[in-house]
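The following exercises are to be worked through with the sequence and the structure in view. Each task is followed by a solution in steps.

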Amino acid sequence: MSKELISGWGRNPIIEAQLATPTQPEQIDISSINGIPRGMGRSYGDSALADQIISMQQIDSFISFNEKSGELHCAGGTTLDEILKVFVPKGWFLSVTPGTKFVSLGGAIASDVHGKNHHKVGSFCDHLSSIKLLLASGEAVSCSPTQKSDLFHATCGGMGLTGIIISATIKLIPIKSTVINQQTLKAANLKEVFELFEANYHSTYSVAWIDCLASGKNLGRSLLYLGEHDENSSFEMQSGREKSIPFDMPTTLLNRFTIQAFNTLYYRKVCDRVSRQQVHYEPYFYPLDSLQHWNRLYGRHGFLQYQFVIPKRAGLEGMTQILKRISASKKGSFLAVLKELGRQNSNLLSFPMEGYTLALDFKWESDLLQLLNELDQIVLEYGGHIYLTKDARMSEATFKESYPRWEQFMEIRHKYGATEHFNSLQSKRLGL
Ligand SMILES: Cc1cc2nc3c(=O)[nH]c(=O)nc-3n(C[C@H](O)[C@H](O)[C@H](O)COP(=O)(O)OP(=O)(O)OC[C@H]3O[C@@H](n4cnc5c(N)ncnc54)[C@H](O)[C@@H]3O)c2cc1C
């Protein structure tokens, strides 16, 4: 174990922690652990932070692949990037991918991440065959939807609080090309973008960028991006050099004027109401991955991503309330992503529920918490909740009101002896 300064992707809070870096599961001594497993640290807040952290980054091997079923068994620290590099040239892709490929398999499972196709195929863990989990007792057990299903549904989306994901088997999907046929649709306001989401529900992938500072008749103006895998054989991997933000940007760089100017330009650069493009899957799924350390853009105090979901029945009204409040606060985000989500699954703490989700980045400022507490109240009022993997500040009361299955989750944590060995700053804050 070594002592390190460590944070989530939002770079706030930063803590000093004991970091263990095993290279094999056998090196993990559970009896001496009271902490949390960690993958690539792409969760924004404090879910992968604790006094003791077990980094899984070096437990990252491929174990087996079934070419008929597309089932891939690999170690918990394997990244989606590593999987894509090997399997895309062979004609396979991830069933579900988040907006960065620099996440580990264990992290993707622990957050039950969703992608641009959630409305069609559900979340990451809906495409898992099984998980091998190291329990607090030191025993490694397998769980799946049919074997120790209570443990499986607590571990998927369970933020590392049931045990350490040593390995898992995921299902890949066949693709014929690395090209995505993209359609860009321009929406003048929130009502219009909701109508476009509904009219294009059949599209495999859909996601919208939204101008969160627009107000009045422009409130919610957006660009909706639809996508389909191209059917014509072409397997080109991108090899361009990634750019990097070398140091913390001045905190004044991102302010309401720069963000408003960016948003206006970004919206206006698309002239047609409907346009079509062919793009490589990398910029389509992972637009930010080409800019390393982009989290330094927000300056040395870091930032926070606020992501919530509101059930469909309340979607337009609830989202309007929230956008009005954000627009009035003048605290903008140039990264504001709107997505329609499909049905909720059986995992106890998974985020997705049928409705609309919005993710916004906010620079840490002294009066930010007050705004977010107000937004929490609106989210609760409309029956929604906040995404745990983005969270660093939600109250225990808000969490428990909006994740009603938390008590079942705690029963499973107790049943498998996890409460004494697996805890994070987040789990302590949320009373888990
Ligand atoms: C640019 C960007 C875009 C993103 N886009 C999306 C998106 O579109 N959809 C989405 O759902 N999420 C998205 N995310 C969030 C990200 O996918 C999740 O936070 C994911 O969990 C990060 O994986 P990680 O390996 O970095 O995990 P970490 O951040 O290291 O850990 C996250 C959680 O997983 C647990 N964990 C990690 N490894 C293990 C293990 N082996 N065993 C048990 N528990 C473990 C940790 O304890 C912690 O609770 C995005 C993040 C970024 C930075």
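**Exercise 1. The sheet of eight strands**

In which order do the strands of the open sheet of eight strands lie, and what is the sense of the pairing?

Solution. The model examined here is a predicted one.

Step 1. Read across the sheet, the order is 15-11-13-12-18-19-17-20, and the pairing is antiparallel.

Step 2. The edges are held by strand 15 (274-280) and strand 20 (385-386); each has a single partner strand, so one side of each is left without a neighbour in the sheet.

Step 3. Strands of a sheet pair through backbone hydrogen bonds, in either the parallel or the antiparallel sense. One antiparallel pair joins strand 11 (residues 179-187) to strand 13 (residues 222-229) over eight bridges. Within this pair, Ile180 faces His229 of strand 13.

**Exercise 2. Helices on the sheet**

Determine which strands helix 8 and helix 9 lie against.

Solution.

Step 1. Helix 8 (residues 315-329) lies across strand 17 (303-311) and strand 19 (355-363), and runs at about 10° to strand 19.

Step 2. Helix 9 (residues 368-381) also packs on the sheet, where it touches strand 17, strand 19 and strand 20. The direction of helix 9 makes about 10° with that of strand 17.

**Exercise 3. The sheet of four strands**

Describe the sheet of four strands and identify its edges.

Solution.

Step 1. This open sheet has the order 1-2-4-3, with mixed pairing.

Step 2. Strand 1 and strand 3 stand at the edges, and since each has a single partner strand, one side of each is left without a neighbour in the sheet.

Step 3. From one strand to the next, the twist averages 45°.

Step 4. Strand 3 and strand 4 (residues 52-55) form a parallel pair over three bridges. Here Arg38 stands opposite Ser55 in strand 4.

**Exercise 4. Surroundings of the ligand**

Which helix gives the most residues to the shell around the ligand?

Solution.

Step 1. There are 33 residues around the ligand, of which Gly39, Gly99, Gly106, Gly107 and Gly160 come nearest.

Step 2. At least two residues of the shell are supplied by each of strand 3 (36-38), helix 2 and strand 10 (164-174). Helix 2 gives the most, with four residues.

Step 3. Sorted by class, the shell holds 15 nonpolar, 16 polar and two charged residues.

**Exercise 5. Backbone features in loops**

Is Asp112 buried or exposed? Treat Lys148 in the same way, and locate the cis peptide bond that ends at Pro13.

Solution.

Step 1. Asp112 lies in the loop between helix 2 (105-110) and helix 3 (118-121). Its phi is near 40°, a positive value in a residue other than glycine. Asp112 counts as buried because it has 28 C-beta neighbours inside 10 Å, and the cut-off for a buried residue is 20 or more.

Step 2. Lys148, in the loop between strand 9 (140-143) and helix 4 (149-155), likewise has a positive phi, of about 45°. With 19 C-beta neighbours inside 10 Å, Lys148 counts as partly exposed.

Step 3. The cis peptide bond runs from Asn12 to Pro13, with omega near 5°. Pro13 is found in the loop between strand 1 (2-7) and strand 2 (14-20).

**Exercise 6. The chain as a whole**

Why does the radius of gyration of the chain agree with that of a compact globule?

Solution.

Step 1. For 432 residues, a compact globule would have a radius of gyration near 22 Å; the chain has 21 Å, and therefore the two agree.

Step 2. Buried residues make up 48% of the 432 residues.

Terms used: Residues numbered from 1 in each chain as written. Predicted model: local features only at pLDDT ≥ 70, side-chain atom pairs only at ≥ 80, totals over all residues. Buried ≥ 20, exposed ≤ 12 C-beta atoms within 10 Å, placed from the backbone. Pairing = 2+ DSSP bridges. Contact = placed C-beta atoms within 7 Å. Axes fitted to C-alpha atoms, helices over the stretch in contact; angles between N-to-C directions. Near = placed C-beta within 6 Å. Nonpolar A, V, L, I, M, F, W, Y, C, P; charged D, E, K, R; others polar. Rg over C-alpha atoms; globule rule 2.2 N^0.38 Å.
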